[in-house]
Structure formats: C-alpha cells, structure tokens
Amino acid sequence: MAFEPRDNTFTIFDNENKTSKNQPDFTGQGKINGKEVKIAGWKKTSQGGKEYVSYKVEEKGAYQG
C-alpha cells in the first residue's frame with residue numbers, strides 16, 4: 001500500500017535535484033481538505049536580516065503556466 005497523507009498534513013524534503021538558484025530549496029506534498037497538493041519552498045532573508053522560508057502550495061496536476 002502506498003503512503004497516503006492524512007488530511008491537512010504535509011511532508012517536505014530538501015530539493016536534492018536543484019540545478020539553478022530559482023528552483024525551490026524544498027519540495028514536498030500533502031493534502032488540504034481532501035485535495036492533494038504540491039509544495040515548494042525557498043530560503044530567503046528579510047530586510048532585517050532574519051532568515052525564513054517562503055512556500056508555494058498548488059493543487060497536484062494544476063496548470064503551471
């Protein structure tokens with residue numbers, strides 16, 4: 001049986017296949033309200049010097065235009 005994420009949970013991994021600085025530092029997947037989603041995260045630094053991660057979440061199979 002394949003891994004099935006529980007609703008409103010996520011799994012995030014380091015992006016070991018990153019080949020350019022524009023690609024996400026982290027990738028993963030999860031489920032929100034019963035819909036499977038893809039997650040991408042980028043390491044950033046605020047103007048005040050504080051490090052954080054900015055995430056993008058989109059429905060799996062959604063057009064990425």
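Let's start at E58, which has a relative accessibility of 17% and therefore counts as buried, the cut-off being under 20%. In this predicted model, the side chain of E58 meets that of K38 in a salt bridge, with 3.5 Å from N to O. E58 sits in strand β4 and K38 in strand β3, so the pair ties together parts that are 20 residues apart in sequence. K38 itself is at 26% relative accessibility, so this lysine counts as partly exposed.

E58 has another partner too: its side chain forms a salt bridge with K56, at 3.8 Å from N to O. K56 comes out as partly exposed, because its relative accessibility is 45%. Put the pieces together and you get a salt-bridge network linking K38, K56 and E58.

How many salt bridges does a search of the whole structure find? The search turns up four. Among them is the one between K60 and E36, whose closest N and O atoms are 3.5 Å apart. This pair links distant parts of the chain, with K60 in the segment after β4, E36 in strand β3, and their positions 24 residues apart. K60 is partly exposed, with a relative accessible area of 36%, and E36 is also partly exposed, at 36% relative accessibility.

Now for the framework that carries these residues. The protein has four strands and zero helices, so to speak a plain β-β-β-β run from the N terminus on. The four strands make an open sheet in the order β1-β2-β3-β4, with antiparallel pairing. β1 and β4 stand at the edges with a single partner strand each, so one side of each has no neighbour in the sheet. On average, neighbouring strands are turned by 25 degrees against each other, direction ignored.

Look at the pairings one by one. β3 (residues 35-45) and β4 (residues 51-59) run antiparallel over nine bridges, and I39 stands opposite V57 in β4. Five residues lie between these two strands in a hairpin, and G49 in the turn has a positive phi of about 90 degrees. On the other side of β3, seven bridges join this strand to β2, again in the antiparallel sense. One of the partnered residues is I32, whose bridge partner in β3 is K35.

Strand β2 (residues 26-32) is also home to G28. Beyond its sequence neighbours up to four places away, G28 touches T11, I12, V37, K38 and I39. G28 and G41 are 13 residues apart in sequence, and their C-alpha atoms are 8.7 Å apart in space.

K31 lies in β2 as well. Is this lysine buried or exposed? With a relative accessibility of 13%, K31 counts as buried. Its contacts, leaving aside neighbours within four places in sequence, are E4, P5, R6, D7, N8, T9, E36 and V37. E36 is thus a contact of K31 and the salt-bridge partner of K60.

The loop between β1 (9-14) and β2 holds N15, which counts as buried at 17% relative accessibility. The N15 side chain reaches the backbone nitrogen of K18 at 3.5 Å. Apart from neighbours within four places in sequence, N15 is in contact with Q23, P24, D25, F26 and T27.

Finally, the whole chain: 20% of the 65 residues count as buried. The accessible surface comes to about 5500 Å², with 47% of that belonging to carbon and sulfur atoms.

Note on methods. Residues are numbered from 1 along each chain as its sequence is written. This is a predicted model: local features need pLDDT of at least 70, side-chain atom pairs count only at pLDDT 80 or more; totals for chains, interfaces and linings use all residues. Side-chain values use heavy atoms; hydrogens and water are left out. Contact means heavy atoms within 4.5 Å. Buried means under 20% relative accessible area, exposed over 50%, partly exposed in between (1.4 Å probe, protein chains only). Accessible areas come from the Shrake-Rupley method with a 1.4 Å probe; for residues, only the protein chains shown count as cover. Two strands pair if DSSP finds at least two bridges between them. A polar contact is a pair of N or O atoms within 3.5 Å; within protein, one must be able to donate a hydrogen and the other to accept it, and residues adjacent in sequence count only if both atoms are side-chain atoms. Axes are lines fitted to C-alpha atoms, for helices over the stretch in contact, and angles run from 0 to 180 degrees between N-to-C directions.
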